[in-house]
Amino acid sequence: MKNSTSIYTMMFFLAVTLVSCKGGEEEYHSVTDKIEAKQTPYHGTLSSEELLSGTELISITEGEHTFLIPERKGQIKSYACIECHSKPVSQMKGNDIQKAHWDIKLEHASGETMNCATCHNGDDMNNLNTLTGKNVDFNMSHKLCIQCHSPQFEDWKGGAHGKKVAGWAPPRASMTCVNCHNPHSPGFEKQLPVQFNTKTAIERQEGLDH
């Protein structure tokens, strides 16, 4: 009797399964199957192209990721640098010339670890300089940052770190490190949270009521 009950139970579940899997296209095996069948692909409905219009962007590829970043050299007031840096830095610093950058305070790392020459090549000021002496275009300044900040770089190139130029919709355009951080002093200043002013809120509500 017990075996017969088990057989009937199995037949019942088999029948239910067959019924649920056959018939019209509106029948699904599970809720997940229904969601996948009904959902509209995200990338097929939204686009940030209109928001990006008028923004100077360049395309870069980092590993398997290709995306857009803001063009930077056109935003630097005194680029090209060699318009003023006609000589190596060691020959230019002195009292007989107009001072420009000597007042910059580097608050990025200790003086034993980092100085101006860590990122700037005194003999070629139109380019940045890696730790191994390789020239880097100003538009690609993130390549300097990734030398020490590799975890943040992995998050950034995948889209999990940093701000977007026009939201998450494709085509993807991401701010670079220097769009959010001052390279000479990258830490953000502490800010207190905005306090809710109950008096102002009451006055506003009373104004609406009247």
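Rings of Phe, Tyr and Trp (its six-membered ring) count as a pair if their centres lie within 6.5 Å. With that in hand, the predicted model can be read from the overall fold down to a small group of rings: Phe67, Phe153 and Trp156 form one aromatic cluster.

First, the big picture. The chain has eight helices and four strands, and from the N terminus on they run α-α-α-β-β-α-β-β-α-α-α-α. Of the 210 residues in the chain, 19% are buried. About 16,500 Å² is exposed, with carbon and sulfur atoms supplying 55% of it. Looking at contacts between residues at least 6 apart in sequence, 48% join residues at least 24 apart. The UniProt record, an unreviewed entry, marks residues 145-181 as "domain: Cytochrome c-552/4". That span is 38% helix and 0% strand, and its end C-alpha atoms lie 11 Å apart.

Now for helix 6, which covers residues 150-158 and has Phe153, Trp156 and Lys157 buried. Seen down the helix axis, these buried residues fall within an arc of 90°, so they line one face of helix 6. They pack against strand 1 (57-62), strand 2 and helix 5 (142-145). Right after helix 6 comes Gly159, with a positive phi near 100°.

The structure holds three aromatic pairs. In one of them, Phe67 and Trp156 meet edge-to-face, 5.2 Å centre to centre and with 80° between the planes. Phe67 belongs to strand 2 and Trp156 to helix 6, so this pair ties together parts that are 89 residues apart in sequence. Both partners count as buried because the cut-off is under 20% relative accessible area: Phe67 has 2% and Trp156 has 4%. Trp156 also pairs with Phe153; the ring centres are 6.2 Å apart and the planes are at 35°, so this pair is tilted. Phe153 and Trp156 sit three residues apart in helix 6, about one turn of the helix. An α-helix has 3.6 residues a turn, so residues three or four places apart point the same way. Phe153 is buried too, at 10% relative accessible area.

Charges come into the story as well. The charged end of Arg172 sits over the ring of Phe67, 3.8 Å from its centre. Likewise, the charged end of Lys164 sits over the ring of Trp168, 4.4 Å from its centre.

Finally, there is His85, in the loop between strand 2 (65-70) and helix 4 (89-92). His85 counts as buried because its relative accessibility is 16%. Leaving aside neighbours within four places in sequence, His85 is in contact with Met92, His101 and Met125.

Conventions. Residues numbered from 1 in each chain as written. Predicted model: local features only at pLDDT ≥ 70, side-chain atom pairs only at ≥ 80, totals over all residues. Heavy atoms only, no water. Helix = DSSP H or I, 4+ residues; strand = E, 2+ residues; numbered from the N terminus. Buried < 20%, exposed > 50% of the residue type's maximum accessible area, 1.4 Å probe, protein only. Contact = heavy atoms within 4.5 Å. Areas by Shrake-Rupley, 256 points an atom, 1.4 Å probe, with all protein chains shown as cover. UniProt positions renumbered as here; feature names shortened; annotations may be inferred. Arc of directions from axis to C-beta. Phe/Tyr/Trp six-rings, centres within 6.5 Å; stacked < 30°, edge-to-face > 60°. Lys NZ or Arg CZ within 6 Å of the ring centre and 35° of its normal.
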